[in-house]
Amino acid sequence: MSTFTEQLKSEITRLAKKEVRAETKQLKQFAALQRSENAALKRRVSELELALKRLGKAQATTTADQPEIEAGPALRFRAGGFASLRKKLDLTAAEMAKLLNVSPQSVYHWEIGKSRPRASQLPAISAVRKMGKKEVTERLSA
């Protein structure tokens, strides 16, 4: 009787392995397909990132060129020139700061060259540069 049960067990095991192999074969094929699709998508993403990087660089150079053309003469800043302007107008750092709508500390840092004014502040400095002493005192008293 033991040989019959052994044969039955071995036959059941063989059939079960056969069924499992058929199921796992489909899963393996699906997994391989997914891996190849993932690899293709990764390649596509890296290509698009490179293209985006190239476009960003091209746009940055184009954008950098445009303000020079539109703005006309570029406004420059020199720490020594700013300090001499303040002295020429006979202003304190606090008064100059009030004219430019900045802090006195900013004026001090600009004069010693520790920092530079923002591009948005350069037009105001240019406007003060064109003023005389009378106009400056009128502005400060108002």
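**Aromatic cluster and the buried face of helix H5**

In this predicted model, Phe77 and Phe82 are both buried. The two residues form an aromatic pair of the tilted kind, in which the ring centres lie 5.5 Å from each other and the planes make an angle of 50°. Phe82 also forms an aromatic pair with Trp110, and here the arrangement is edge-to-face, with 5.6 Å centre to centre and 70° between the planes. Because Phe82 belongs to helix H2 (residues 79-88) and Trp110 to helix H4 (residues 104-112), this pair ties together parts of the structure that are 28 residues apart in sequence. Trp110, like Phe82, is buried. Through these ring pairs, Phe77, Phe82 and Trp110 are linked into a cluster, and the structure as a whole holds three aromatic pairs.

A further set of buried residues is found in helix H5 (residues 122-129), where Leu122, Ile125, Ser126 and Val128 are buried. When H5 is viewed down its axis, the buried residues fall within an arc of 160°, and they therefore line one face of the helix. As a general consideration, an α-helix has 3.6 residues a turn, so residues three or four places apart point the same way. The buried residues of H5 pack against H2, helix H3 (93-100) and H4. Two of these packing partners, H2 and H4, are also the helices that contain Phe82 and Trp110, respectively.

Terms used:
Residues are numbered from 1 along each chain as its sequence is written. This is a predicted model: local features need pLDDT of at least 70, side-chain atom pairs count only at pLDDT 80 or more; totals for chains, interfaces and linings use all residues. Side-chain values use heavy atoms; hydrogens and water are left out. Rings of Phe, Tyr and Trp (its six-membered ring) pair if their centres lie within 6.5 Å; planes under 30 degrees apart count as stacked, over 60 as edge-to-face and the rest as tilted. Buried means under 20% relative accessible area, exposed over 50%, partly exposed in between (1.4 Å probe, protein chains only). Helices (H or I, at least four residues) and strands (E, at least two) are DSSP runs, numbered from the N terminus. The arc is that of the directions from the helix axis to the C-beta atoms. Contact means heavy atoms within 4.5 Å.
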